[in-house]
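The exercises below ask you to read a protein model step by step. Try each task on the displayed structure before you turn to its solution.

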Amino acid sequence: MPQHRILTGYRPTGKLHLGHWFGNLQNMLRLQNEYDAFYFVADWHALTSEWQDSSHIYDFGRDMVADWLAAGLDPERCTIYRQSDLPQVIELMLYMNMVLPMSWLERVPSYKEQQVNISNKDLSNVGFFLYPALMAADIAIARSDLVPVGEDQEPHLELTREIVRRFNTTFGADVLVEPKALIAKEGARVPGLDGRKMSKSYGNSIFITDPPEVMRQKAMACMTDPARKRKDDPGNPAICPLHQIHKLVGKAADIAEWEACCPAATCGCVAHKQQLADDLITYFADFQARRAELDAQPDRVDEVLEAGKEKVMPIARETIADCRAAIGLDGPAVG
Ligand code: TRP
């Protein structure tokens, strides 16, 4: 049975935090064992919103790949590359743009939402408008048939499917592969230090590369059940951000113990914070040691990206050749 090819990309817009680690990276690790997996640095997508301050995109991308490798992505089992190393993506997007009505882009929900919600960036540019078209080209260029998506990316994938169908009916049946969504097992929702969703822009993140002393500081400042003002007030672990984070990194027996002693008011939040600090540091120790090794051999990331490019490039060339032939740019179709 031919193996499914899955593909997903991430925008290099900053350091990875616990939300990325538990929400995406654990999934990527699992999927590399089950599928022909393609993972790429979506630096052009980052550019669509970061174009006014693009100087960090390159380094964020390399750091993200170093994080992926240190976390256990294995370039022997998956293909890791950088979007901007693959110019064929742009050519395919151009062809897709021909069959893509502007109104389809205008009704993508994230488009208006982000323009309203993100006030510190200028998102009125055509580049950002084309974000979903670029994403459709990412997926189709590698002929991937499965895309692991969270809720937020589902409309983009649906649009990709519509563009692919329209392309195929316009230019010839089987040129592009229509991808299916691989609805990821709902990645853990990770609260930030203040109880809101963990997000770089909220300043409430624990980064996976935070040094141990920073992890400790952050754990000690983490919000707990706000109704529990004094140690002899009973607490509710289910609404305690500290406990939700602890559940991800702590030992099951300890977690059970906190769930019993906190509502009974027989243990205190300060001790819980200290244990979260210890457990965070222990949990990320191996990862951080491997990450430090990679920092000591900076060529490694570039080698991995180069090898990934070598793997994806022939596939991209073939897709483009098929498109050109189907459209008729190579002369009248034969037969
Ligand atoms: N839009 C995705 C995000 O914001 C990133 C992305 C770009 C992507 N191209 C893709 C995801 C192709 C899956 C497939 O996270």
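**Exercise 1.** How many bridges join β4 to strand β5, and do the two strands run parallel or antiparallel?

*Solution.* Keep in mind from the start that this is a predicted model. Begin with the pairing itself: β4 and β5 (residues 180–183) are joined by 4 bridges, and they run parallel. Next, look for one pair of partners, and you will find that valine 147 has alanine 181 as its bridge partner in β5. Then follow the chain from β4 to β5, which leads through helix α9 (residues 154–171) in a right-handed β-α-β crossover. Finally, examine the two faces of β4 (residues 146–149), where Leu146 and Pro148 are buried on one side, while Val147 and Val149 are buried on the other, so that both faces of the strand are covered.

**Exercise 2.** Work out how strand β2 is placed with respect to β1 and β3, and describe how well it is covered.

*Solution.* First take the pairing with β1, which is in the parallel sense and extends over 6 bridges; here leucine 7 is matched with phenylalanine 38 of β2. The path of the chain from β1 to β2 passes through helix α1 (residues 18–34), and this β-α-β crossover is right-handed. Now turn to strand β3 (residues 78–82), which pairs with β2 in the parallel sense over 5 bridges. Phenylalanine 38 appears again at this step, since its bridge partner in β3 is threonine 79. As for covering, 5 of the 6 residues of β2 (residues 36–41) are buried.

**Exercise 3.** Which residues surround the ligand, and which elements give two or more residues to the shell around it?

*Solution.* Start by listing the surroundings: Leu7, Thr8, Gly9, Arg11, Phe40, His45, Tyr131, Met135, Asp138, Ile139, Val147 and Gln153 surround the ligand. Sorted by character, the residues of this shell comprise 6 nonpolar, 4 polar and 2 charged ones. The next step is to find the polar atoms that come within a few ångströms of the ligand, beginning with the side chain of arginine 11, where an N or O atom is 3.1 Å from an oxygen atom of the ligand. A nitrogen atom of the ligand lies 2.8 Å from a polar side-chain atom of tyrosine 131, and in the side chain of aspartate 138 an N or O atom is 2.7 Å from a nitrogen atom of the ligand. To judge how far the ligand is enclosed, take its area when it stands alone, 370 Å², of which the protein buries 93%. The elements that give two or more residues to the shell are β1 (5–10) and α8 (131–141), and the largest share, 4 residues, comes from α8.

**Exercise 4.** Decide for serine 199, aspartate 210, arginine 143 and asparagine 33 whether each is buried or partly exposed.

*Solution.* The cut-off needed here is that a residue is buried under 20% relative accessible area and exposed over 50%, with partly exposed in between. Serine 199, in the loop between β5 and α10 (212–220), has a relative accessible area of 18% and is therefore buried; its side chain makes a polar contact of 3.0 Å with the side chain of serine 201. Aspartate 210 is found in the loop between β5 and α10, and because its relative accessibility is 4%, it counts as buried. The side chain of aspartate 210 reaches the backbone nitrogen of phenylalanine 207 at 2.9 Å. Arginine 143, in the loop between α8 and β4, has a relative accessibility of 18%, so it counts as buried; its phi is near 50°, a positive value in a residue other than glycine. Asparagine 33, which is found in helix α1, counts as partly exposed because its relative accessibility is 48%.

**Exercise 5.** What are the numbers of helices and strands in the protein, and what percentage of its residues is buried?

*Solution.* Counting the elements gives 15 helices and 5 strands. Of the 335 residues in the protein, 48% are buried. To complete the overview, note that the C-alpha trace spans about 85 × 45 × 45 Å along its principal axes.

Technical notes: Residues are numbered from 1 along each chain as its sequence is written. This is a predicted model: local features need pLDDT of at least 70, side-chain atom pairs count only at pLDDT 80 or more; totals for chains, interfaces and linings use all residues. Side-chain values use heavy atoms; hydrogens and water are left out. Buried means under 20% relative accessible area, exposed over 50%, partly exposed in between (1.4 Å probe, protein chains only). Two strands pair if DSSP finds at least two bridges between them. A crossover is right-handed if, with the strands pointing away from the viewer, the path from the first strand over the helix to the second runs clockwise. A residue is near a molecule or strand if one of its heavy atoms lies within 4 Å of it. A polar contact is a pair of N or O atoms within 3.5 Å; within protein, one must be able to donate a hydrogen and the other to accept it, and residues adjacent in sequence count only if both atoms are side-chain atoms. Accessible areas come from the Shrake-Rupley method with a 1.4 Å probe; for residues, only the protein chains shown count as cover. Ala, Val, Leu, Ile, Met, Phe, Trp, Tyr, Cys and Pro count as nonpolar, Asp, Glu, Lys and Arg as charged, and the others, Gly among them, as polar.
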